[in-house]
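This briefing summarises how helices pack against one another in the structure shown below, and how one of them departs from a straight course.

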Amino acid sequence: MTDFFATIRRRHSVRRYQADMAVETEKLHAILESAIAAPSAGDLQAYQIVVVRAAETRRKLADVTDHAFLAEAPVCLVFCTDAERSAQTFGERGRELFALQDTTIAAAYAQLAAVAGGLGSAWVGGFVTPDVAATLGLEAHLAPVAMLALGYAAELPEPTTRRRLDEIVVEHDA
Ligand SMILES: Cc1cc2nc3c(=O)[nH]c(=O)nc-3n(C[C@H](O)[C@H](O)[C@H](O)COP(=O)(O)O)c2cc1C
């Protein structure tokens, strides 16, 4: 286990994986537990996480998203909003905003847990929603919004740059 802040610093997208090194079941379980520990509006957890391990399905996801590494990484987690679950309590704000926030916060927690567990990961958002939904045969109330490739890295990711803090953060002086 690494220090939380070191985990954040260490996390960078990995786009090459050791295809023959499986992700241990306990490690995957810990990652999923971390995902669902994330906060959610009204504690509704308006999402579903689809765990894709089958090589054939990962190959199809790689094809429809044009991300070859999804076939290489032994696990792909697909984070799907369940907007109606949030809408039942929060109406339009739940449907349009909270479900998406719940889902992506859970994905972010999962990604950090993966890094803490010594895995590489990459967030994939570049895909056509209905293509991924059809590939996975998702029920109509679920919309895939983010995928995480998970596996042991076959590359050292290049550290990426960030905008400066003072470009992004403003002090509100009322
Ligand atoms: C909403 C979102 C969508 C992303 N979509 C993709 C994607 O489709 N393909 C990809 O290779 N990386 C994708 N990424 C990863 C970003 O490119 C990456 O996080 C960013 O360049 C910073 O690099 P780092 O993750 O190495 O720090 C996505 C990240 C986020 C948060």
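**Helix packing and helix shape**

In this predicted model, T57, K60, L61, V64 and T65 of helix α3 are in contact with D131, V132, T135 and L136 of helix α6. By class, this contact comprises four nonpolar, three polar and two charged residues. The points below describe the geometry of this pair, the course of helix α5, and the packing of helix α2 against α5.

**Geometry of α3 and α6**

- Helix α3 spans residues 55–65 and helix α6 spans residues 129–136; their axes come within 10 Å of each other and cross at roughly 165°.
- Angles over 145 degrees count as roughly antiparallel, and α3 and α6 are therefore roughly antiparallel to each other.
- The crossing in which α3 passes α6 is right-handed.

**Course of α5**

- Helix α5 consists of 34 residues, 83–116.
- The C-alpha atoms at the ends of α5 are only 30 Å apart, whereas a straight helix would reach 50 Å at 1.5 Å a residue.
- At F90, α5 bends by about 155°.
- G118 follows α5 and has a positive phi, near 85°.

**Packing of α2 against α5**

- Helix α2, residues 25–36, packs with α5 at an angle of about 145°, and the two axes are 7 Å apart.
- The crossing of α2 and α5 is right-handed.
- On the α2 side, the contact is made by I31, S34 and A35; on the α5 side, by A106, Y109, A110, A113 and A114.
- The residues of this contact divide into seven nonpolar and one polar, with no charged residue.

Methods
Residues are numbered from 1 along each chain as its sequence is written. This is a predicted model: local features need pLDDT of at least 70, side-chain atom pairs count only at pLDDT 80 or more; totals for chains, interfaces and linings use all residues. Side-chain values use heavy atoms; hydrogens and water are left out. Axes are lines fitted to C-alpha atoms, for helices over the stretch in contact, and angles run from 0 to 180 degrees between N-to-C directions. Helices (H or I, at least four residues) and strands (E, at least two) are DSSP runs, numbered from the N terminus. Angles under 35 degrees count as roughly parallel, over 145 as roughly antiparallel, 65 to 115 as roughly perpendicular and the rest as oblique. A crossing is left-handed if the near helix is turned anticlockwise from the far one by less than a right angle, and right-handed if clockwise. Contact means heavy atoms within 4.5 Å. Ala, Val, Leu, Ile, Met, Phe, Trp, Tyr, Cys and Pro count as nonpolar, Asp, Glu, Lys and Arg as charged, and the others, Gly among them, as polar. The expected span of a helix is 1.5 Å times one less than its number of residues. The bend at a residue is the angle between axes fitted to the seven residues ending there and the seven starting there.
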